[in-house]
Amino acid sequence: MTTSDRTLLVDGNRLTLLPDGQQRLEVLIELIDSARTSLRLLYYIYTADHSGAAVRSALGRALDRGVAVSLLIDGFGSNRTGEGYFRELVDKGATFCRFNPSYGRQYLLRNHQKLTLADDERILIGGFNIDDSYFGDFSDKAWRDIGLLVEGPAAARVAPYYEALMAWALNRRSRLKALRAVVRRFSEHRGPLQWLYGGPMQLKSPWALATIHDLAKAKDLEMIAAYFAPMGGMLRRIGDVARRGRARVITAAKSDNRATIDAARSTYTRLLKRGVEVFEYQPAKLHSKLLVMDDVVHVGSSNFDLRSLYLNMEMMLRVHDPDFAIMMRSYFEHELGHCTQITQEVHDKAGWLQRLRWRIGWFLVTSFDYTVTRRLALRVP
């Protein structure tokens, strides 16, 4: 896809797909440097490397211009970046907080969202974190990911959600009930562009419900899922799409955690039996999150596993527009050129030891939460 093929106007908003790592970093820095009044950033991982320093320096320049800066990072995902790293920004007046729920029932909660919002007019979302490994290319062995720049009135609607989330994080006595209320209150249910949020809901999150609703009607599904480990109900819904028309799923052949690959492969038997076409992405570690269901697209931070569907704080943009769906389906076709198809014949060649390993991976990812153990959790951004 060329640059001109990556931008569309939808409901008064300019949407630009950013699949290239270096371009994403350039757009991120440009957003910060061009901000006039406010900047709000939220990231799961913020690393003190070259990219992290570039973003921090840009935020410092924004503060010097009088821009109001707010930065929320996840305390678990960003725990390798020390408290002193952002001290200069705080001294200049930035609002800074680590999303760090208390021990007990809240401890497993992660803020997995990623966004930079400038002047309530332009917002950059996607699956990427502030870390050098998300801003390179194949030669750098970087993650393969997606960014989406949204310029227009839809961006402003994220600001109240961000402020409510920041207030919750700053209050060390906050309860999950209040967080659930934030997720429900700010998730949208009407219009061509809808912001959908996920979190530790008692039942399914607004994003999970929207996904179920869209899958139930779809006759054509294209999905890129870096971490793919849904339960049987979701697998059946994907299979139902294949029965009505066509369903194609790209998962990771390379990652930083073998268990997540094994967990995905443990689902292939059920998918293939239902007529779903399965592919594995070969050139790089896959980190993209994308669903295209007929004329509807979901893009953002959420993986397609239990943690993202039912526990993590996530944000996805639902775009209902046929031209945008065509554009994103074209991107899917491009990525398909870097994949190996897992046919029934290929899948049947796996021996019993491989299948046992897949089942163990499934157990680790879905039953024994691998983020409980520090070593594994830090390797699954």
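Rings of Phe, Tyr and Trp count as a pair if their centres lie within 6.5 Å. The legends below describe close-up views of a predicted model.

**View 1. Ring pairs link Y46, Y85, F86 and F96 into a cluster.** One pair in this model is that of Y85 and F86, whose ring centres are 5.2 Å apart. The planes of Y85 and F86 stand at 90 degrees, and because an angle over 60 degrees counts as edge-to-face, the pair is given that label. Y85 has a relative accessibility of 15% and therefore counts as buried, the limit being under 20%. F86 is also buried, with a relative accessible area of 1%. A charged side chain takes part in this view too: R56 lies over the face of Y85, at 3.8 Å from the ring centre.

**View 2. Y134 and W143 form a stacked aromatic pair.** The two ring centres are 5.8 Å apart, and the planes of Y134 and W143 differ by 10 degrees. Y134 is buried, with 1% relative accessible area. W143 has a relative accessibility of 5%, so W143 counts as buried. In the whole structure, a search finds 12 aromatic pairs.

**View 3. R110 lies over the face of F76.** The distance from R110 to the centre of the F76 ring is 3.7 Å.

**View 4. Strand β8 pairs with β2 and with β7.** Strand β8 covers residues 147-151, and 4 of its 5 residues are buried. Strand β2, residues 13-18, runs antiparallel to β8, and the two are joined over 5 bridges. On the other pairing, strand β7, residues 122-126, is likewise antiparallel to β8, over 5 bridges. G147 of β8 stands opposite L18, and G147 is also the bridge partner of G126. In a regular strand, side chains alternate between the two faces of the sheet.

**View 5. E30 in helix α1 makes a polar contact with R122.** Helix α1 spans residues 21-34 and includes E30. The side chains of E30 and R122 are in polar contact at 3.0 Å. E30 has a relative accessibility of 35% and therefore counts as partly exposed, a class that lies between the limits of 20% and 50%. The C-alpha atom of E30 is separated by 8.8 Å from that of A58, and these two residues are 28 residues apart along the chain.

**View 6. E188 and R157 are joined by a polar contact of 2.6 Å between their side chains.** E188 is placed in the loop between helix α6, residues 176-186, and strand β9, residues 193-198. At 15% relative accessibility, E188 counts as buried. Leaving aside residues up to four places away in sequence, E188 touches R157, L193, Q194, W195 and L196.

**View 7. Residues 370-381 have a pLDDT below 50.** The average pLDDT of the chain is 91, and 93% of the residues score at least 70. Over residues 370-381 the pLDDT is below 50, yet this stretch has 36 contacts in the model beyond near neighbours in sequence.

How values were computed: Residues numbered from 1 in each chain as written. Predicted model: local features only at pLDDT ≥ 70, side-chain atom pairs only at ≥ 80, totals over all residues. Heavy atoms only, no water. Buried < 20%, exposed > 50% of the residue type's maximum accessible area, 1.4 Å probe, protein only. Helix = DSSP H or I, 4+ residues; strand = E, 2+ residues; numbered from the N terminus. Pairing = 2+ DSSP bridges. Phe/Tyr/Trp six-rings, centres within 6.5 Å; stacked < 30°, edge-to-face > 60°. Lys NZ or Arg CZ within 6 Å of the ring centre and 35° of its normal. Polar contact = N/O pair within 3.5 Å; in protein donor to acceptor, adjacent residues only side chain to side chain. pLDDT = per-residue confidence, 0-100. Contact = heavy atoms within 4.5 Å.
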